[in-house]
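Welcome to this short tour. Please open your viewer, keep the selection tool ready, and follow along stop by stop.

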Amino acid sequence: MALLTLLDAELAYGLHPLLDRAGFTVLEGEHIGFIGRNGTGKSSLLKVIAGLAALDDGELKRQDGLRVVLVEQEPELPLASSLRESLAIRGELNHIHDERERWRLEARLVEYLHRFGLDPAQAPDTTSGGESKRATLALALARQPDLLLLDEPTNHLDIDGITLLEDLVLKGPAAIVITHDRAFLDRVANRIVELDRGLLRSYPGNFAAYERRKADQLATESIAHRKFDKFWAQEEVWIRGGIKARRTRNEGRVRRLEQLRRERAARRERLGNLKLTLAAGERSGKLVAELAGVSKRFGARTIVQDLSLHIQRGDRLGLIGPNGAGKSTLLKLILGRLTPDAGEVRLGINLQVAYFDQMREQLDPERTLLDSISPGSDWVQIGAQRKHVMTYLADFLFPAQRAQAPVKMLSGGERNRLLLARLFARPANVLVLDEPTNDLDIESLELLEDTLQSYPGTLLLVSHDRAFLDNVVTQTLVAERNGKWQEYAGGYSDWLSQRPVPPASSPALAGEGRERARVRPNTSRVKLSYKEARDLEQLPAEIEALEREQHELTAGMSRADYHKRGAEQIKADRKRTEEIEQQLAERFERWTKLDDKAARSEGQRGYGRF
């Protein structure tokens, strides 16, 4: 059954057409991966489908009563005393007149917040980008839409958060997902829809299937264009053939030429690709960095504990770990930009470091694009090649008329491209990339991969993009529990096959709570009191039982005949839901303290989340 249909849709931004008589249909149960180059109008189309914007022309038919929920690329949380209240404001839960329905929705919201490892009582102004994204995803899923719209949902999420979202989307309603995460698309999507030059083209299957079909389509299109252009050029020569040709001119042939001219003028060429060139400069010494027994703490929190690491010229090291594990901090320790609390860091000689900052702090929002790339000069020197700065900006898809625009006017994807342009404009034999894939479209991402694969220098990479890690790095350094980091050969998939099997845990425990509640092996050898050791062993089962009760209560409160249970029972259920929420928070906190104490007492290896 069709949930919605788009017919002859037209949408433009200024003089730039985003949709050119485009059309497609979304069927019940479909999980559509929505892809296309940055700036082609993907987010604009999602807003149209969500009812937040209108088409310039055409028609959008929606199934009667269709519930559509959109999660934006950069969600903002309203100010409130708690995350739960902030989401209630954002989701306009207080505007729901049916009190029973509001209670059911609030109960589902709390359940999803726990599954995403969030504390409903947390102040929204203290949340990180990843926490804000997980909170809005929890709200969207709690609202039980018929069609879920996700705009770059994996940005700011760590790998564990991404895989959890994949599970929820697969089990959830129909969805349209804009993402550059190819592993996400391969696992979740059963159809790929590409927005290309104003048209929507559909490809059955996941992203891998799309790539095969797209390559064949582009080859066919290229052949057809070459044949057309050759024939058109011949006709142009004929029309200019002089007096003899004009005497014998065929009026039908003239009309055909006019039609050829119109078709050629109307043809929209594919957007250009980034042109990436990376100069490695002078060779560094064989040793790039050596860490011996390095530790770093911030207050009571251990970021790095007794790490020894040897990085040689040409190594391609990927750092993997959850948000907040300290990946960026570890990079600064490796580069000697941060002093360790214990241990020693030794740097090699002749290091030329280029650093890509995930927060884009290296860009001055008030400076122009020209000044950001080459201040005081019209030329950029890349190895032995000298380029005019305007040509260099064009390589990164910035037209000449935007060269004097301030950085603050750029989108997230454009800022990412500008930072790459700034980074690659100077030689570097050590390249440090901290989340470089955010906001890049898939074609630019694959081109960046190709460039890095041929880069002869040393690469240090932080990324949650699993396919990118697999395609670029040759070894990984993975965050484990209590500041421990472990090195593995290969990329992300290789780490998955090599990592120790974590201890059994309840499938009912999810997100942060699930990871905290994993049973530590050999806990009987940990130097805890008898009561603490018993609590450490029993807490996972208690948490599982509470979450099972919470789930059953939520399911009961969601039933259509729930109101028949009477006011007293409804009041008791609501009170019990709040009690469970409090008890879960207390048990998670107790578990964390005991788990940390066990690790400190025995020095055992922790089993953290990745």
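Is Glu290 buried, partly exposed or exposed? Select Glu290 and look at its surroundings: Glu290 is partly exposed, with a relative accessible area of 26%. Here buried means under 20% relative accessible area, exposed means over 50%, and partly exposed is in between, using a 1.4 Å probe and protein chains only.

Before moving on, some notes on what you are viewing. This is a predicted model, in which local features need pLDDT of at least 70 and side-chain atom pairs count only at pLDDT 80 or more, while totals for chains, interfaces and linings use all residues. Residues are numbered from 1 along each chain as its sequence is written, and side-chain values use heavy atoms, with hydrogens and water left out.

**The whole view**

Zoom out and colour by secondary structure. The protein has 19 helices and 20 strands; these are DSSP runs, numbered from the N terminus, with helices (H or I) of at least four residues and strands (E) of at least two. Of the 610 residues in the protein, 50% are buried. Contacts (heavy atoms within 4.5 Å) can also be sorted by distance along the chain. Among those between residues at least 6 apart in sequence, 69% join residues at least 24 apart.

**Salt bridges**

Side chains of opposite charge can pair when their charged atoms come close. A salt bridge is counted when a side-chain nitrogen of Lys or Arg is within 4 Å of a carboxyl oxygen of Asp or Glu. The structure holds 25 salt bridges.

Go back to Glu290 and add Arg346: their side chains form a salt bridge at 2.7 Å, N to O. This pair links distant parts of the chain, with Glu290 in strand S10 (residues 287–298) and Arg346 in strand S13 (residues 342–347), 56 residues apart. Arg346 is partly exposed, at 44% relative accessibility.

Next, select Glu10 and Arg21, whose side chains meet in a salt bridge of 3.1 Å, N to O. Glu10 belongs to strand S1 (residues 2–13) and Arg21 to strand S2 (residues 16–27), so the pair ties together parts that are 11 residues apart in sequence. Glu10 is partly exposed at 26%, and Arg21 is partly exposed at 47%.

Now choose Glu106 and Arg574. Their side chains meet in a salt bridge too, at 3.6 Å, N to O. Here the linked parts are 468 residues apart: Glu106 sits in helix H3 (residues 99–115) and Arg574 in helix H19 (residues 567–602). Glu106 counts as buried at 14% relative accessibility, whereas Arg574 counts as partly exposed at 30%.

For a group rather than a pair, select Glu166, Asp167, Asp181, Arg187 and Arg466, which are linked in a network of salt bridges.

**Two helices that pack**

Show helix H2 (residues 83–90) and helix H4 (residues 129–142), which pack at an angle of about 55 degrees with their axes 11 Å apart. That makes H2 oblique to H4. Axes are lines fitted to C-alpha atoms, for helices over the stretch in contact, and angles run from 0 to 180 degrees between N-to-C directions. Angles under 35 degrees count as roughly parallel, over 145 as roughly antiparallel, 65 to 115 as roughly perpendicular and the rest as oblique.

Which residues of H2 and H4 meet? Leu83, Leu87 and Arg90 in H2 touch Ala135, Thr136 and Leu139 in H4.

Stay in helix H4 and pick Ala140. Ala140 is buried, with a relative accessible area of 3%. Leaving out residues up to four places away in sequence, Ala140 touches Val69, Val71, Pro145 and Leu148. The C-alpha atoms of Ala140 and Val69 are separated by 6.2 Å, although these residues are 71 apart along the chain.

**Last stops**

Select Thr437, in the loop between strand S17 (430–434) and helix H14 (442–453). Thr437 is buried at 2% relative accessibility. Beyond residues up to four places away in sequence, its contacts include His180, Asn416 and Asp465.

Finish with two backbone details. Asp8, in strand S1, has a phi near 45 degrees, a positive value in a residue other than glycine. Glu92, in the loop between H2 and H3, has a positive phi near 55 degrees. Asp8 is partly exposed at 41%, and Glu92 is partly exposed at 48%.
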